[in-house]
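Student: I'm new to this one, so please start with the cavities. Take me through them slowly, then add whatever else helps me picture the model.

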Number of protein chains: 2
Amino acid sequence: LAFSGLKIVALSGGVGGSRFVRGLRASAPGANLTAIVNTADDFTVHGLRVSPDVDTVLYALSNLVDDTRGWGIRGDTFKTMRALERVGGETWFQLGDQDLATHLRRTELLADGWSPSTVTAELTRCLGIRDVTILPMTDQRVETSVRLEASGEWVPFQEYFVRQRADVSIKDVRFEGIERAKPAPGVIEAIEAADLIAFCPSNPFVSIGPILAVDGIREAIDRARQRGARTAGVSPLIGGHTIKGPAARMLVELGHEATTLGVARQYVGLLDLFLIDPIDKAQADALRQLGMHPLVTDARMRGRRGEARLARVVLREVERRRRAGS
Amino acid sequence: LAFSGLKIVALSGGVGGSRFVRGLRASAPGANLTAIVNTADDFTVHGLRVSPDVDTVLYALSNLVDDTRGWGIRGDTFKTMRALERVGGETWFQLGDQDLATHLRRTELLADGWSPSTVTAELTRCLGIRDVTILPMTDQRVETSVRLEASGEWVPFQEYFVRQRADVSIKDVRFEGIERAKPAPGVIEAIEAADLIAFCPSNPFVSIGPILAVDGIREAIDRARQRGARTAGVSPLIGGHTIKGPAARMLVELGHEATTLGVARQYVGLLDLFLIDPIDKAQADALRQLGMHPLVTDARMRGRRGEARLARVVLREVERRRRAGS
């Protein structure tokens, strides 16, 4: 099997991250793959605990995902939401009927005293995902808020992201509880044992950022690198734009450059490799100055083959470097 | 309008009760109608608060009900339940996708500090029910259990009723919390002001019984009768059988006669009238000996017209007696 025995850890957000994780699985069937998933944008709606990034990864890896949207369940219906509207409930966060089952189950297990990581393991098992370990970054509750430019008001992330469609300007992001968050069981061990730590093409602020901010995760990455592990990032921006999500706009609003380089700067001192699209190759030198080797290749993940191809580019370069001892 | 200004209170369980309430509404459009609904079999499933009898009354009065089953929402689907099975959840209590919205909304409002009666009022309003006031019997939590004959074990009512389809023998019923239950706001006032208090064709043990056991309700009925209010019961048994539910079997298992008379005996000292089917007319004399005037008429509620006809029989007799001052 390709990349047999390779230990891979992927730090992932939602849509883009889950696709890259799926690409890694497809390209490295012999590898030992662990996805460490952001939970900073988890939230409670209608009393149900929703973990958007974990769910997206679960659905992507169990082939349930709606590939067009990149999240939610393919063919899902919204009958409960329509009925909820009828009984006066808020429905700006649309939960599909099948998707709802995941939140019901999670909420029920959490109420029974399970931790988010054991719930995730149970959902992984039930959905038949046997080749990837999915770990939430932490079992503690972290809550993301953004500060609106116009009013100066702090609003919960999903309110900004879903209700307002990220269509308002923000000037700050905060992660309540992040300073008390401990890595979920298995997170540090997986990072320390990794041969490759991949930073998926996810939002550097609200997806990868919180993972790196969990107590001890940066240090574990440092230790892994000292031991010889390679780290590779994949730009979520192509030509200054994102395929999905508000990363480009957030970069600008938070005072950065809406470029691949602007993303890379969030990862200074952490990455050996950074995969960028040919459209961004003018930034290659600047990446080298940040200590990252630019890996230039078509960065769009077109379908399952595209995901696998992108992952393969990273895997091959890492393998080459491991063989060369560089 | 027929029966204009008549103040009617109906004590109701689920399927049979909701149909008789609907019959009262149809036959007495000018009346002031309040349904006081059993909540002793409310329960929590998947973290959601379900109030089966209140929901059945809500659905019946808003024309959402599945008339074939007599409960749940017409045309409802079970997509969430199927997905819940996939993620390892228990699905013996099948909640429809639309029905689920009611439980989500209720649970959410209760978590926000609403009482069951204010939640019920809100659902009543949202579902466009303007001509009937629906009151849960109490805002306190009451939990029904039955004791299984075979094992002597106490099990929650829904476990017996739904999971086991009431297909096992029981030897006792208990209502935990009933001694602390206070009537919900408006319950005592409605009873005290009533011209007619109807005991719907519901299970005398697990539907009407708990309502009568709530602190002060029996006394309020007594006071209303002293003031001239009439009370009428409708037998849920016809020829010893129920249209729906385990009342007949429960009567026998709890040491009573599975007859109209067996039901009537649960209401001794409470009823002026008791509506029975011609098939049971041999019991008319025994009813008179219990102090109840037997009202003999086809007791099957065939469709909406049947419900209305049955209600009209009761209403006319009450009206006749009021005029006669008897």
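Tutor: Let's sort the residue classes first: Ala, Val, Leu, Ile, Met, Phe, Trp, Tyr, Cys and Pro count as nonpolar, Asp, Glu, Lys and Arg as charged, and the others, Gly among them, as polar. This is a predicted model, with pLDDT of at least 70 needed for local features and 80 or more for side-chain atom pairs, while totals for chains, interfaces and linings use all residues. Residues count from 1 along each chain as written, chains are lettered from A and ligands numbered from 1 in written order, and side-chain values use heavy atoms, without hydrogens or water.

Now, the cavities. Searching the whole structure turns up two of 30 Å³ or more. (A cavity is a set of points on a 1 Å grid over the protein atoms alone where a 1.4 Å probe fits but cannot get out, and lining residues have an atom within 4 Å of a point; points join across faces, edges and corners, and volume is the space filled by probe spheres set on them.)

The largest has a volume of about 40 Å³. Its lining comes from Arg69(A), Trp71(A), Gly72(A), Ile73(A), Asp76(A), Phe78(A), Gln94(A), Gly96(A) and Asp99(A). By class, that's three nonpolar, three polar and three charged residues.

The second largest holds about 30 Å³ of space. Around it sit Ser18(B), Arg19(B), Arg22(B), Ala60(B), Val65(B), Asp66(B), Asp67(B) and Gly70(B). Here four lining residues are charged, two nonpolar and two polar. Helix α1 of chain B, residues 15-27, gives the most to this lining, with three residues. (Helices are DSSP runs of H or I, at least four residues, and strands runs of E, at least two, numbered from the N terminus.)

How do the chains meet? Each side brings 24 residues to the contact, chain A and chain B alike, where contact means heavy atoms within 4.5 Å. Together they bury about 2300 Å², 66% of it on carbon and sulfur atoms. Arg86(A), Val87(A) and Leu104(A) supply 28% of the area chain A buries against chain B, more than any other three residues. (Buried area is the accessible area, with a 1.4 Å probe, lost when two parts are put together, summed over both.)

Last, a sheet in chain A. Three strands form an open, antiparallel sheet in the order β7-β6-β8, with β7 (154-156) and β8 (170-176) at the edges. Strand β6(A), residues 143-148, pairs with β8(A) over six bridges; pairing takes at least two DSSP bridges. Within that sheet region, Glu143(A) stands opposite Glu176(A) of β8(A).

Definitions and conventions:
On a 1 Å grid over the protein atoms alone, a cavity is a set of points where a 1.4 Å probe fits but cannot get out, and a pocket is an open set with protein on both sides within 12 Å along at least five of seven lines; lining residues have an atom within 4 Å of a point.
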